[in-house]
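Let's take a walk through this structure together. Keep the sequence and the 3D view side by side as you read.

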Amino acid sequence: MTSYKTEQENFWSGEFGDDYITRNRGEFSIASNLALFSKILSKTHKVRSLIEFGANIGLNLQAIQLLLPEVKISAVEINSTAVKELEKMGGGNC
């Protein structure tokens with residue numbers, strides 16, 4: 001495991017972050033995110049790209065991609081297990 005500068009970085013990059021992936025996944029999460037981001041994005045115009053910092057496995061990004069399929073998405077994630085999940089969904093910009 002990589003050693004980071006802060007306790008929080010070490011926390012999320014390790015076992016807690018791995019366990020978080022297991023606890024927070026699935027279609028229910030994406031469905032609730034669809035409702036949230038639908039409201040948020042209704043207040044925006046001409047969004048062409050976005051980046052999520054701390055994307056985990058990309059549930060927010062999946063919802064946004066469903067709402068705005070033309071948007072280029074990128075993610076920053078510290079947990080290597082989550083990065084592998086992001087890469088599976090085509091996250092070349094992780």
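**A guided walk**

Let's start at Lys84, which sits in helix α5, a helix made of residues 80-88. Is Lys84 buried or exposed? Lys84 counts as exposed, because its relative accessibility is 53% and the cut-off for exposed is over 50%. Now look for Ile57: Lys84 and Ile57 are 27 residues apart along the chain, and their C-alpha atoms are separated by 8.2 Å.

Time to zoom out. Keep in mind that this is a predicted model. The protein chain has five helices and two strands, and if you read along the sequence you'll meet them in the pattern α-α-α-β-α-β-α. Along its principal axes, the C-alpha trace spans about 40 × 25 × 25 Å. Of the 94 residues in the chain, 31% are buried. The chain exposes about 6500 Å², and carbon and sulfur atoms supply 55% of that area. As for contacts between residues at least 6 apart in sequence, 53% of them join residues at least 24 apart.

Next stop: helix α3, which covers residues 27-41. How far apart should the ends of this helix be? With 15 residues at 1.5 Å a residue, helix α3 should span 21 Å, and its end C-alpha atoms are 20 Å apart, so the two values agree. The expected span is 1.5 Å times one less than the number of residues, which is the step that leads to 21 Å here. Which residues of α3 are buried? They are Ile30, Asn33, Phe37 and Leu41. Part of what covers these buried residues is α4, residues 59-67.

Now move on to strand β1, which runs over residues 49-53. Glu52 and Phe53 both belong here: Glu52 lies in β1, and Phe53 has its place there too. Glu52 is buried, because its relative accessible area is 14% and buried means under 20%. Phe53 is exposed, because its relative accessible area is 60%, where over 50% is what counts.

What does Glu52 touch? Leaving out residues up to four places away in sequence, Glu52 touches Asn60, Leu61, Ser74, Ala75 and Val76. With Asn60 there is also a polar contact, made from side chain to side chain at 2.7 Å.

Finally, go back to Phe53 and look at the surface around it. Phe53 forms a nonpolar patch there with Ile51 and Val76, and together the three have about 290 Å² of accessible area. You've met Val76 already, as one of the residues that Glu52 touches.

Notes. Residues numbered from 1 in each chain as written. Predicted model: local features only at pLDDT ≥ 70, side-chain atom pairs only at ≥ 80, totals over all residues. Heavy atoms only, no water. Patch = residues over 30% accessible without salt bridge, like charges linked within 9 Å, V, L, I, M, F, W, Y side chains within 5 Å. Areas by Shrake-Rupley, 256 points an atom, 1.4 Å probe, with all protein chains shown as cover. Salt bridge = Lys/Arg side-chain N within 4 Å of Asp/Glu carboxyl O. Helix = DSSP H or I, 4+ residues; strand = E, 2+ residues; numbered from the N terminus. Buried < 20%, exposed > 50% of the residue type's maximum accessible area, 1.4 Å probe, protein only. Polar contact = N/O pair within 3.5 Å; in protein donor to acceptor, adjacent residues only side chain to side chain. Contact = heavy atoms within 4.5 Å.
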